[in-house]
Amino acid sequence: MKKALIIDDERLARSELKKLLVDHPEILVVGEAVNAKDGLEKIEALRPDLLFLDVQMPDQTGFELLAELERAPQVIFITAYDEHALKAFEYNALDYLLKPVEPKRLADAIHKLHQADEKERQAVAGGLRNILSENDQVFVKDGDRCWFVKLQEIRLFESVGNYARVYFEGNKPLILKSLNALEERLDERTFFRANRKHIVNLRMIEKIDTYFNGGLLLEMKGGEKIEVSRRQAVKFKEMMSL
C-alpha cells in the first residue's frame, strides 16, 4: 500500500484523480493540498510515499515545492502543460501526465511505480545497500576516463537529475546514480546530506559560516561553497557539537 498526497490548486482535477485512483486499491490517498505551501505542510504531517503533483500553482510551482524538500517522496507530475516534461525528469519524476488524465496513462504511471519498487526490493535482496566505509574504493567512469577513488578522497556529491557529480581532487565526473541511492550506502558519520542537491564529506569541510534563514554555508577544501538548509543545519550543529 502506497500513501499518496494530491497537490493541485484545481478542486475538480483533484476530484477526478481520486475517482481514477479507485481502480488502483494499492494507492491510498491520505490527503489533498490546494497549493505548494499547503503541500509542504501536508507532506510534513502525513509523510506520503507518493505525490501526484501539479506544476503550475498560484504561489509556487511544483518544482519549487520539491526544491524545498530534503528528501522527496516518489513523484508523478500532473499538469495541463507539456513544455515542462524534460524538467520533470530532472527531478526524478516517475511520470508526467497531462490533464485531463486518461485512465490508461495513469495505469502506465502506476506500473512504473511498481517497477521502481521492485528494483528497490532487488537491490535490498542483493545486498546493494551495504554501508561503504571511507577506505572503500569506488569505480568512477566518465567517457574514456576511469578512476578507482577512495571514499575518503571525495569532497562531495552533487545531484544532476538521475546522475550525481563526484568531486575529488581536480575531477568532477558524472555517475549514473541518484543522490538518494548514494546516501543509503554512505556512512552518515562521514557523509552528510546538506540539502536536496548535495552530500558533503564532513572531513573535507574547510570553513563554516552562518547563512540567512538559519542555514549554514560550508566551504569545502576544493573551494566549493555549499549551503546547509535550515532544517539540516539543526542536525548538522548537533552532530558537530556547534
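1. Starting with the three-stranded sheet: in this predicted model, strands E13, E14 and E15 line up in that order as an open sheet with antiparallel pairing. E13 (205-210) and E15 (225-228) are the edge strands; each has a single partner strand, so one side of each is left without a neighbour in the sheet. On average, neighbouring strands here are turned by 25° against each other, if you ignore direction.

2. If you want to look at how E13 is held, go to its pairing with E14 (residues 216-220): the two run antiparallel and are joined by 5 bridges. Asp209 sits opposite Leu217 of E14. Asp209 also has a side-chain partner, Lys207, with a salt bridge at 3.8 Å from N to O. How buried or exposed is Asp209? With a relative accessible area of 32%, Asp209 is partly exposed. Lys207 counts as partly exposed too, at 42% relative accessibility.

3. Next, the hairpin. Strand E6 (residues 137-142) pairs with strand E7 (residues 145-150) in the antiparallel sense, over 6 bridges. One facing pair to pick out is Val140 and, across from it in E7, Trp147. There are 2 residues between the strands of this hairpin, and Gly143 has a positive phi near 65°.

4. On the overall layout, the chain is split into domain 1 (2-126) and domain 2 (137-240). Taken over C-alpha atoms, the centres of domain 1 and domain 2 are 27 Å apart.

5. Now the other sheet. This one is open as well, with 5 strands in the order E2-E1-E3-E4-E5 and parallel pairing. Strand E2 (27-33) and E5 are at the edges, and since each has a single partner strand, one side of each is left without a neighbour in the sheet. From one strand to the next the twist averages 20°.

6. Inside that sheet, strand E1 (residues 2-7) pairs with E3 in the parallel sense through 4 bridges. Ile7 has Leu53 as its bridge partner in E3. Helix H1 (residues 11-21) packs on the sheet and touches E1, E2, E3 and E4, with its direction at about 170° to that of E2.

7. Asp54 is the residue I'd click on next. UniProt, in an unreviewed entry, puts the feature "modified residue: 4-aspartylphosphate" at Asp54. Where does Asp54 sit? Asp54 is in the loop between strand E3 (50-53) and helix H3 (62-67). Its relative accessibility is 3%, which is why Asp54 counts as buried, the cut-off being under 20%.

8. Which residues surround Asp54? Apart from neighbours within four places in sequence, Asp54 is in contact with Ile7, Asp8, Asp9, Gly62, Ile78, Thr79 and Lys99. Ile7 is the residue whose bridge partner in E3 is Leu53. Asp8 and Lys99 come up again in the salt bridges: a network links Asp8, Glu10, Asp54 and Lys99.

9. How many salt bridges does the whole structure have? The search finds 19. Asp95 is worth a look here, with two basic partners listed below. Arg105 forms a salt bridge with Asp95, the closest N and O atoms being 2.9 Å apart. That pair links distant parts of the chain, with Arg105 in helix H5 (residues 103-125) and Asp95 in strand E5 (residues 95-98), 10 residues apart.

10. The other partner of Asp95 is Lys112, with 3.3 Å between the closest N and O atoms. Lys112 lies in helix H5 and Asp95 in strand E5, so this pair ties together parts that are 17 residues apart in sequence. As for accessibility, Asp95 is buried, with a relative accessible area of 2%. Arg105 is partly exposed at 28%, and Lys112 is partly exposed at 33%.

11. Last, Pro73. Pro73 is in the loop between H3 and strand E4 (74-79). At 15% relative accessibility, Pro73 counts as buried, because the cut-off is under 20%. Pro73 and Pro48 are 25 residues apart in sequence, while their C-alpha atoms are 6.7 Å apart in space. Leaving out neighbours within four places in sequence, the contacts of Pro73 are Pro48, Asp49, Leu50 and Leu51.

Terms used: Residues numbered from 1 in each chain as written. Predicted model: local features only at pLDDT ≥ 70, side-chain atom pairs only at ≥ 80, totals over all residues. Heavy atoms only, no water. UniProt positions renumbered as here; feature names shortened; annotations may be inferred. Buried < 20%, exposed > 50% of the residue type's maximum accessible area, 1.4 Å probe, protein only. Contact = heavy atoms within 4.5 Å. Pairing = 2+ DSSP bridges. Axes fitted to C-alpha atoms, helices over the stretch in contact; angles between N-to-C directions. Domains from an automatic or database assignment. Salt bridge = Lys/Arg side-chain N within 4 Å of Asp/Glu carboxyl O.
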